Amino acid sequence: MIKNKFDFDIPTYVITSQELEELINHSPEWWGKDNKEVYDNIIFIIPPTTYNEVFNTIGSPNEYEKVQEYKNNIFWSFDLKNYRKSNWWSKTASTEISSSITIRTANTMKKY
(Lines give C-alpha, C1' and ligand atoms only; values in the text may rest on other atoms or scores of the structure.)
Protein backbone atom coordinates (compact mmCIF):
# COMPACT_ATOMS: atom_id res chain seq x y z
CA MET A 1 0.00 0.00 0.00
CA ILE A 2 2.84 2.39 0.79
CA LYS A 3 4.51 1.70 -2.55
CA ASN A 4 1.26 2.14 -4.47
CA LYS A 5 0.16 5.30 -2.62
CA PHE A 6 3.50 7.09 -2.21
CA ASP A 7 5.72 5.34 -4.77
CA PHE A 8 8.10 4.55 -1.94
CA ASP A 9 9.32 0.98 -1.51
CA ILE A 10 10.12 0.44 2.17
CA PRO A 11 10.13 -2.77 4.21
CA THR A 12 7.25 -2.92 6.67
CA TYR A 13 6.28 -5.25 9.46
CA VAL A 14 2.68 -5.74 10.54
CA ILE A 15 1.62 -7.75 13.57
CA THR A 16 -1.86 -8.24 14.98
CA SER A 17 -2.63 -7.40 18.59
CA GLN A 18 -3.21 -11.12 19.24
CA GLU A 19 0.20 -12.03 17.79
CA LEU A 20 1.85 -9.30 19.86
CA GLU A 21 0.12 -10.48 23.01
CA GLU A 22 1.28 -14.06 22.36
CA LEU A 23 4.82 -12.84 21.74
CA ILE A 24 4.92 -10.82 24.98
CA ASN A 25 3.43 -13.77 26.88
CA HIS A 26 6.34 -15.92 25.68
CA SER A 27 9.09 -13.50 26.67
CA PRO A 28 12.05 -14.99 28.53
CA GLU A 29 12.16 -14.59 32.31
CA TRP A 30 15.06 -12.11 32.04
CA TRP A 31 13.28 -9.77 29.60
CA GLY A 32 11.18 -6.70 30.42
CA LYS A 33 11.80 -6.54 34.16
CA ASP A 34 12.14 -2.72 34.35
CA ASN A 35 15.77 -3.06 35.39
CA LYS A 36 17.29 0.39 34.74
CA GLU A 37 20.70 -1.21 34.09
CA VAL A 38 19.41 -3.36 31.24
CA TYR A 39 17.86 -2.30 27.94
CA ASP A 40 15.23 -4.73 26.66
CA ASN A 41 14.11 -4.90 23.02
CA ILE A 42 12.23 -7.03 20.55
CA ILE A 43 13.73 -7.42 17.11
CA PHE A 44 10.97 -8.00 14.58
CA ILE A 45 12.31 -9.84 11.54
CA ILE A 46 10.73 -8.78 8.27
CA PRO A 47 9.90 -11.80 6.08
CA PRO A 48 11.26 -13.50 4.11
CA THR A 49 14.31 -12.99 6.35
CA THR A 50 14.67 -15.62 9.07
CA TYR A 51 16.11 -15.77 12.56
CA ASN A 52 18.99 -17.92 11.31
CA GLU A 53 19.92 -15.29 8.73
CA VAL A 54 19.92 -12.56 11.38
CA PHE A 55 21.90 -14.68 13.84
CA ASN A 56 24.43 -15.77 11.21
CA THR A 57 24.94 -12.18 10.09
CA ILE A 58 25.32 -10.68 13.56
CA GLY A 59 26.90 -13.59 15.36
CA SER A 60 26.58 -14.91 18.88
CA PRO A 61 25.72 -12.53 21.69
CA ASN A 62 28.53 -11.82 24.14
CA GLU A 63 28.60 -11.51 27.93
CA TYR A 64 26.88 -8.09 27.84
CA GLU A 65 23.70 -9.25 26.12
CA LYS A 66 21.10 -12.00 25.84
CA VAL A 67 18.98 -13.11 22.90
CA GLN A 68 16.13 -15.58 22.57
CA GLU A 69 14.06 -16.33 19.49
CA TYR A 70 10.32 -16.86 19.47
CA LYS A 71 8.41 -17.38 16.21
CA ASN A 72 10.99 -15.53 14.10
CA ASN A 73 11.22 -12.59 16.51
CA ILE A 74 14.08 -11.98 18.90
CA PHE A 75 14.02 -10.87 22.51
CA TRP A 76 17.27 -8.97 22.98
CA SER A 77 18.62 -7.34 26.13
CA PHE A 78 21.93 -5.67 26.84
CA ASP A 79 23.78 -4.08 29.72
CA LEU A 80 23.37 -0.30 29.38
CA LYS A 81 26.78 0.53 30.82
CA ASN A 82 28.48 -1.71 28.29
CA TYR A 83 26.19 -1.36 25.29
CA ARG A 84 29.03 -0.37 22.96
CA LYS A 85 30.79 -3.60 23.87
CA SER A 86 27.77 -5.74 22.99
CA ASN A 87 28.08 -7.67 19.74
CA TRP A 88 24.55 -7.01 18.52
CA TRP A 89 24.29 -3.28 19.29
CA SER A 90 26.40 -1.98 16.43
CA LYS A 91 25.71 -4.82 14.02
CA THR A 92 21.91 -4.44 14.02
CA ALA A 93 22.46 -1.06 12.35
CA SER A 94 25.69 -1.54 10.43
CA THR A 95 25.21 -4.83 8.57
CA GLU A 96 23.10 -5.67 5.54
CA ILE A 97 20.54 -7.23 7.88
CA SER A 98 19.49 -3.77 9.14
CA SER A 99 16.95 -3.35 6.34
CA SER A 100 15.33 -6.68 7.27
CA ILE A 101 14.62 -5.93 10.94
CA THR A 102 12.90 -3.35 13.07
CA ILE A 103 13.59 -2.95 16.78
CA ARG A 104 11.25 -1.78 19.53
CA THR A 105 11.84 -1.41 23.26
CA ALA A 106 10.07 -3.48 25.88
CA ASN A 107 8.40 -0.34 27.23
CA THR A 108 6.93 0.42 23.81
CA MET A 109 5.72 -3.14 23.35
CA LYS A 110 4.09 -3.30 26.78
CA LYS A 111 1.93 -0.28 25.90
CA TYR A 112 -0.07 -2.18 23.33
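In this predicted model, Tyr-51 makes contacts beyond its neighbours within four places in sequence with Ile-45, Glu-69, Asn-72 and Ile-74. Tyr-51 is found in helix H3 and has a relative accessible area of 18%; the limit for a buried residue is under 20%, so Tyr-51 counts as buried. The C-alpha atoms of Tyr-51 and Lys-71 are 8.7 Å apart, although 20 residues separate the two in sequence.

Tyr-51 also belongs to the largest nonpolar core, a group of twelve residues. Its partners there include Ile-43, Ile-45, Val-54, Ile-58, Val-67 and Ile-74, together with Trp-76, Phe-78, Trp-88, Ile-97 and Ile-101. Strand E1, helix H3 (51–58) and strand E3 (73–79) are the elements that give two or more residues to this core. In soluble globular proteins, nonpolar side chains tend to be buried together. Ile-58, another core member, touches Asn-87, Trp-88, Lys-91, Thr-92 and Ile-97 when residues up to four places away in sequence are not counted. Another core, of ten residues, lies apart from the one just described, and Leu-23, Tyr-70, Phe-75 and Met-109 are among its members.

Asn-41 is a polar neighbour worth a look here. Asn-41 lies in strand E1 and, with a relative accessibility of 3%, counts as buried. Outside the four places on either side in sequence, Asn-41 is in contact with Trp-31, Ile-74, Phe-75, Trp-76 and Phe-78, and also with Ile-103, Arg-104, Thr-105 and Ala-106. Of these contacts, Ile-74, Trp-76 and Phe-78 appear in the twelve-residue core, while Phe-75 appears in the ten-residue core.

Aromatic rings come next. A search of the whole structure finds eight aromatic pairs. In one of them, the ring centres of Tyr-13 and Phe-44 are 5.1 Å apart and the planes meet at 35°, so this pair is tilted. Tyr-13 sits in the loop between helix H1 (2–6) and helix H2 (17–25), whereas Phe-44 belongs to strand E1 (residues 38–45), so the pair ties together parts that are 31 residues apart in sequence. The two partners can be told apart by their exposure: Tyr-13 is partly exposed at 27% relative accessible area, and Phe-44 is buried at 4%. Trp-76 and Phe-78 form another tilted pair, with 5.0 Å from centre to centre and 45° between the planes. Both of these residues are buried. Ring pairs also link Trp-76 and Phe-78 with Tyr-39, Tyr-51, Phe-55 and Trp-88 into a cluster, which brings the account back to Tyr-51.

On the surface, Ile-2, Phe-6, Phe-8 and Ile-10 make a nonpolar patch of about 410 Å². Ile-10 lies in the loop between H1 and H2 and counts as partly exposed, with 40% relative accessibility.

Finally, the charged residues: the structure holds one salt bridge. Side chains of opposite charge can pair when their charged atoms come close. Here Lys-71 pairs with Glu-22, and the closest N and O atoms are 2.7 Å apart. Lys-71 lies in the loop between strand E2 (65–70) and E3, and Glu-22 lies in helix H2, so the bridge ties together parts that are 49 residues apart in sequence. Lys-71 is exposed, with a relative accessible area of 55%, whereas Glu-22 is partly exposed at 28%.

Notes:
Residues numbered from 1 in each chain as written. Predicted model: local features only at pLDDT ≥ 70, side-chain atom pairs only at ≥ 80, totals over all residues. Heavy atoms only, no water. Phe/Tyr/Trp six-rings, centres within 6.5 Å; stacked < 30°, edge-to-face > 60°. Helix = DSSP H or I, 4+ residues; strand = E, 2+ residues; numbered from the N terminus. Buried < 20%, exposed > 50% of the residue type's maximum accessible area, 1.4 Å probe, protein only. Patch = residues over 30% accessible without salt bridge, like charges linked within 9 Å, V, L, I, M, F, W, Y side chains within 5 Å. Areas by Shrake-Rupley, 256 points an atom, 1.4 Å probe, with all protein chains shown as cover. Salt bridge = Lys/Arg side-chain N within 4 Å of Asp/Glu carboxyl O. Core = buried A, V, L, I, M, F, W, Y, C linked by side-chain atoms within 4.5 Å. Contact = heavy atoms within 4.5 Å.
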